[in-house]
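Here is a short set of exercises to work through with the model open beside you. Try each task first, then follow the solution step by step.

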Amino acid sequence: MSLPSSRIQQSCLQSFVCFSLAVSENAKQDLKDGLSLYNSENNIGLRNAWNIIQAEWKCCGVIAYTDWHEALQEKVVPDRCCQEHYQNCGHNSTNMFWNRGCFEKVEEWMDDNKHLLGTIGMVILVVQLLGMAFSMTLFHHIHRTGKKYDA
């Protein structure tokens, strides 16, 4: 009886790992696709978001600073990728850029804060369940009193 059970558990674990890897790869690809919009005029919010993330977390690109070379189609990076930040430092290929990609930094942050994120998720779950319970109580109360609403 335990042999099929262990195979099922192993299969489920493999499926979860495969699903996690697929989600991770899709997220990386979507972020890389979004890098090409960095210099577009109507995406100032995206540009600001990348600048803030790269400056605060000391990272560059999705996986590495070379992601920007592909996205911008030239050997430049945003100035916030420079370890010593100054105007147009990203155009100088001899500068030191942050080596680690921002995706790795986000994964680290999520791993470090998984208990906080889980707690927040559980609080939201409880609030949603209480809302459903109260709405059902209200529905039954209105239904028992026989009140009808004309539409």
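**Exercise 1. Find which helices build the nonpolar surface patch, and which residues make it.**

Step 1. Start with the helices: α2 (44–57), α4 (102–112) and α5 (114–145) each give at least two residues to the nonpolar patch. Helices here are DSSP runs of H or I with at least four residues, strands are runs of E with at least two, and both are numbered from the N terminus.

Step 2. Rank the contributions: α5 has the largest share, with 4 residues.

Step 3. List the members: Ile-53, Trp-57, Val-106, Trp-109, Met-110, Leu-116, Leu-117, Ile-120 and Ile-124 together make a patch of about 770 Å². To enter a patch, a residue needs over 30% relative accessible area and no salt bridge; like charges are joined within 9 Å and nonpolar side chains (Val, Leu, Ile, Met, Phe, Trp, Tyr) within 5 Å. Areas come from the Shrake-Rupley method with a 1.4 Å probe, and for residues only the protein chains shown count as cover.

Step 4. Check one member: Met-110 sits in helix α4, and it counts as partly exposed because its relative accessibility is 45%. The classes are buried (under 20% relative accessible area), exposed (over 50%) and partly exposed (in between), with a 1.4 Å probe and protein chains only.

A note on the source: this is a predicted model, in which local features need pLDDT of at least 70 and side-chain atom pairs count only at pLDDT 80 or more, while totals for chains, interfaces and linings use all residues. Residues are numbered from 1 along each chain as its sequence is written, and side-chain values use heavy atoms, with hydrogens and water left out.

**Exercise 2. Decide whether Gln-54 is buried or exposed, and find what surrounds it.**

Step 1. Locate Gln-54 in helix α2.

Step 2. Read its accessibility: the relative accessible area is 0%, so Gln-54 is buried.

Step 3. Look for a polar partner: the Gln-54 side chain comes to 3.0 Å from the backbone nitrogen of Gly-61. A polar contact is a pair of N or O atoms within 3.5 Å; within protein, one must be able to donate a hydrogen and the other to accept it, and residues adjacent in sequence count only if both atoms are side-chain atoms.

Step 4. Collect the other neighbours: beyond four places in sequence, Gln-54 contacts residues including Cys-59, Cys-60, Trp-68, Pro-78, Arg-80, Cys-81, Trp-98 and Cys-102. Contact means heavy atoms within 4.5 Å.

**Exercise 3. Trace the salt bridges.**

Step 1. Get the total: there are 5 salt bridges, each one a side-chain nitrogen of Lys or Arg within 4 Å of a carboxyl oxygen of Asp or Glu.

Step 2. Centre the view on Arg-100, which pairs with Glu-104 at 2.9 Å and with Glu-108 at 2.0 Å. Arg-100, Glu-104 and Glu-108 thus belong to one salt-bridge network.

Step 3. Compare their accessibilities: Arg-100 is partly exposed at 29%, Glu-104 is partly exposed at 36%, and Glu-108 is partly exposed at 36%.

Step 4. Move to Glu-25 and Lys-28, whose salt bridge has an N to O distance of 3.6 Å. These two are 3 residues apart in helix α1 (residues 2–35), so about one helical turn separates them. An α-helix has 3.6 residues a turn, so residues three or four places apart point the same way.

Step 5. Follow Lys-28 further: it touches Val-62, Ile-63 and Phe-103, leaving out residues up to four places away in sequence. Lys-28 and Phe-103 are 75 residues apart in sequence, with their C-alpha atoms 7.2 Å apart.

**Exercise 4. Check the span of α5 and look for positive phi values.**

Step 1. Work out the expected span: the 32 residues of α5 should cover 46 Å at 1.5 Å a residue, using 1.5 Å times one less than the number of residues.

Step 2. Compare with the model: the end C-alpha atoms of α5 are 47 Å apart, which agrees.

Step 3. Go just past α5, where Gly-146 has a positive phi of about 85 degrees.

Step 4. Look at non-glycine cases: Lys-58, in the loop between α2 and α3 (66–72), has a positive phi of about 50 degrees. Asn-88, in the loop between α3 and α4, has a positive phi near 60 degrees.

Terms used. The expected span of a helix is 1.5 Å times one less than its number of residues.
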